[in-house]
Amino acid sequence: MPVQTRRPSSSRNKSKPAKVAKAAKSAPASAPTNLANETARMKGAILHYLRFKLGRDPESAGARDWWIATAIAVRDRMIDRGLDTYKLHRKNNVRRVYYLSMEYLMGRLLLDNLVNLGLHDATVAALASLKQDFNGVRAMEEDMGLGNGGLGRLAACFLDSLATLDLPAVGYGIHYEFGLFKQEFVNGHQIEHPDNWIIYGAPWELVRPELTQKVQLYGQCEQVFDDQGNFTWRWLPGRTILGFPYDIPIAGYGTKTVNILRLWTSKATEEFDLHTFNAGGYIEAVKEKVESETISKVLYPNDKTESGKELRLVQQYFFVTCSLRDIIRRHFSIAGNSWDNFYEKTVIQLNDTHPAVAVVELMRILLDDEGMDFERAWSIVTRVFAYTNHTLLPEALEKWGVPLFQRVLPRHLLIIYDINHRLMEQCETRWPGDNAKKAAVSLIEENGHKQVRMANLAVTGSFSVNGVAALHTRLLRAQLFPEFDALYPGKFNNKTNGITPRRWLRACNPRLSALITKKIGTGWVRDLDQLRRLEKLADSPAFQDEFMAIKRANKVDLAAVIAQECGVEVSPDALFDVQIKRLHEYKRQHLNLLHILALYRRLVQDPALDIVPRVFLFAAKAAPGYDIAKSIIKAINAVAARVNTDPRVNGKIKVAFLPNYRVSLAARIIPAADLSEQISTAGKEASGTGNMKLALNGALTIGTLDGANVEIKEEVGDENIFIFGHTVEEVEALRARGYNPWHYYERDEEIRGVLDWLGSDYFVPGESPNVLASVKSSLLEGGDPFMVLADFRAYCDAQAKVDAAYRNQRHWARMAILNTARTGKFSSDRTIREYAEDIWKLKPAKL
């Protein structure tokens, strides 16, 4: 299909160009030494597990049976390499990084593992010889319910890069029985359902019961005196539970290294009380089992209640103490290791503040279990931990009420007081008599009710603190932690986030991957900077045709998903305008919505209005307790229902909100996107990684100068991105003057018109207008905390530039190609290499 030089038509022709159809068959290239032998070996393994693991023969097996058998056959290869990796690391007594994260958004693993192991072609051929369609088989895999948003997806990308770069590493987290939730829309409202992702089994996992750990909680502390009259604290725990480990092997690409992700599930020390059961107490007999297993039941339980807060704190302590004990066990299992070289062999990376309690738990182990003095223990702790901060929102920095902390972890609170006492002495030395500085860095916040500041604990107990984008790190030092930056010169540094190109281009976009490989070879998969070689093709009409034909074919595929999931028919020739990310006010999905309303209003007032046909696509989940975010979801769905059925619009705009956003859905959306919405309030987004994934796949960014958008702009060039809105400095100045959203409402007729329209019952006939009024209210009476109205006009102007640019498809193609060619910096391989060299001092260990 030739690239258009005029405005795209609204035709719904969904034919796939011949050259694209050929590219679609060109699966990610993997070249085993002998494809025929490898195919026969995979076929035999699949049939073996089908029969002896699942009790099925080929005639009776269903698609899910084929998936499980195939996954186990692939896992066998990973286990083999994993054992070799373990032996090498143990033999050389390597320094290892332990990555602690509350979430890992792994998605589906079959395709990624096959690509990384070089077994893709052989497995596809083996299944074909058994009359099984590979895509049908892999569709049976459930997304792993181990993560929520960017934090968890980043952790998954990092695990991929650590193995690919042959770096000794172990990831630690929680083996959640249920993921965040499965999202359904009922009358436009978000409804949450349990995400029982392991209901059909999890063939990637290996159970390690022999490595079970004990976790103690609650209770009280008492003073114990020695024969010289000196006292120490003794913790008398009130409850003990077990941490039961599951391992997931993580294969590197183009290497034999296989690391592991170890996940902990909670179990009772006594699962069944037979005496109580026999006495008729059937429910009481399993009470301890139920209470203990609740800890690893759900990712991020709702913390609007006190019991929810308590469960979150218990979750965090449970996973870090299991992980620390496992790290210590691993260290001392090698002859010659001791506490004297613990920090030489161990570095523990805290992925955000959730695992920060690990700092005080390691102190407790060293003080109470090992009998060390405070100074020696603290010198070990502060040479082991490194902390990555992922948020600039003060309310997102975890704090625990002192009464709650004291009830759950009484000994740990005493240690925190000791750490804080020494910290205050440091502050007094640095700033004599400056109580304001002390209050800022204190581990205990005393404004109102006392709270333990976990971010301050992480900063104090770590030898390195890093932000995740250049702007984010600057703001960390200048706004969030300026006193700590002055107290600990050199501790803060930047490590801009990245994404794995194996998942987010090679696997998810096989058409584009095949085209790139045809032009520049396969080296880009491990060295994403090689994409720069595509720049010379950006002006080639032939390459533009191929590139845009692939984009259109991906849009045809996504159009089918939209039709199936939303019942909305969209044209692949329209501009696909995509905003896919966690639903939060600072990410400003409601700014996008106001622009849609403005376009809709213009169209109904002038049906002949000449605009580029556009599909506005959303996918996002709102936290169950986040009421205004859920109202924004309802508003988008309500507007979509009107827009999509209004004959006056004549199909020029369509709005679709795909339910149950997850990794496998993102992999369908990202290759098809034309425009990437990255429109957070400047200074609020730490980095963002969706912006990187979309740009890598040839989507142009419309965004503010926030997070990694700043660095994307630097890489792709000002002319290949649409930047708008107030900068960080302008946001701060506007807030300092006293931001008043009513000013914009009263002076901009279009703002006033769309907000009043949204707040009426027009979009919710038969329902209370108050259903959507809360969105309007948050922007006016609520003070518009994220300055949506302040940026509305600039956003509309930027969108007009998008419209103009898309009319010239040759020019758009060039910009899209340059976005793909110039995003090599945003590989997670680069990020991990920087962590390894600058923070972890980690060397590769290659088989």
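Beyond its neighbours within four places in sequence, Asp143 is in contact with Gly107, Arg108, Trp197, Arg662, Val663 and Ser664. This residue makes a convenient entry point to the structure, which is a predicted model. Asp143 lies in the loop between α6 (134–138) and α7 (150–164), and there it is buried, with a relative accessible area of 9%. Two of the residues it touches are also reached through specific atoms. The side chains of Asp143 and Arg108 are joined by a polar contact of 3.2 Å, while the backbone nitrogen of Val663 is reached by the side chain of Asp143 at 3.3 Å.

Before going further, a word on confidence is helpful. The average pLDDT of the protein is 93, and 94% of the residues score at least 70. Residues 1–32 are another matter, as pLDDT stays under 50 over this stretch. The model has 79 contacts beyond four places in sequence for residues 1–32. Where pLDDT is low, the predicted coordinates should not be read in detail.

Helix α28 (residues 728–737) offers a clear view of how one helix is placed. Its buried residues are Val728, Val731 and Leu734. Seen down the axis of α28, these buried residues fall within an arc of 130°, so they line one face of the helix. An α-helix has 3.6 residues a turn, so residues three or four places apart point the same way. The buried residues of α28 pack against three helices, namely α18 (470–480), α29 and α32 (788–807). On the other side of α28, Ala736 and Arg737 are exposed. Just after the helix comes Gly738, whose phi is positive, near 100°.

Aromatic rings come next, and the model contains 28 aromatic pairs. One of them joins Trp742 and Tyr745: the ring centres are 5.4 Å apart and the planes stand at 85°, which is over 60°, so the pair is edge-to-face. Both residues belong to helix α29 (residues 741–747), where they are three residues apart and therefore separated by about one helical turn. Their surroundings can be told apart by accessibility. Trp742 is partly exposed, with a relative accessible area of 29%, whereas Tyr745 is buried, with a value of 12%. A further pair, formed by Trp757 and Tyr762, is tilted, with 5.3 Å centre to centre and 40° between the planes. Here Trp757 is buried at 17% relative accessible area, and Tyr762 counts as partly exposed at 24%. Ring pairs can also build groups: Tyr99, Phe158, Tyr835 and Trp840 are linked by them into a cluster.

Rings meet charges as well. The charged end of Lys267 sits over the ring of Phe244, at 5.3 Å from the ring centre. In a second case, the charged end of Lys491 sits over the ring of Tyr488, at 3.8 Å from the centre of that ring.

What surrounds Val381, beyond its neighbours within four places in sequence? The residues in contact with Val381 are Val359, Leu362, Met363, Leu366 and Gly461. Val381 has its place in helix α13 (residues 374–381), and it is buried, with a relative accessible area of 0%. One of its contacts, Leu366, is 15 residues away in sequence, and the two C-alpha atoms are 9.1 Å apart in space.

Two loop residues complete the picture through their backbone angles. Tyr218 has a positive phi of about 60°, although it is not a glycine. This tyrosine is found in the loop between β6 (213–217) and β7 (220–225), and at 16% relative accessibility Tyr218 counts as buried, because the cut-off for that class is under 20%. Asp352, likewise not a glycine, has a positive phi of about 80°. Its position is in the loop between β11 (346–351) and α12 (357–369), where Asp352 is buried, with a relative accessible area of 8%.

Methods:
Residues are numbered from 1 along each chain as its sequence is written. Side-chain values use heavy atoms; hydrogens and water are left out. pLDDT is the predictor's confidence in each residue, from 0 to 100. Contact means heavy atoms within 4.5 Å. Rings of Phe, Tyr and Trp (its six-membered ring) pair if their centres lie within 6.5 Å; planes under 30 degrees apart count as stacked, over 60 as edge-to-face and the rest as tilted. Helices (H or I, at least four residues) and strands (E, at least two) are DSSP runs, numbered from the N terminus. Buried means under 20% relative accessible area, exposed over 50%, partly exposed in between (1.4 Å probe, protein chains only). A charge sits over a ring if NZ of Lys or CZ of Arg is within 6 Å of the ring centre and within 35 degrees of the ring normal. A polar contact is a pair of N or O atoms within 3.5 Å; within protein, one must be able to donate a hydrogen and the other to accept it, and residues adjacent in sequence count only if both atoms are side-chain atoms. The arc is that of the directions from the helix axis to the C-beta atoms.
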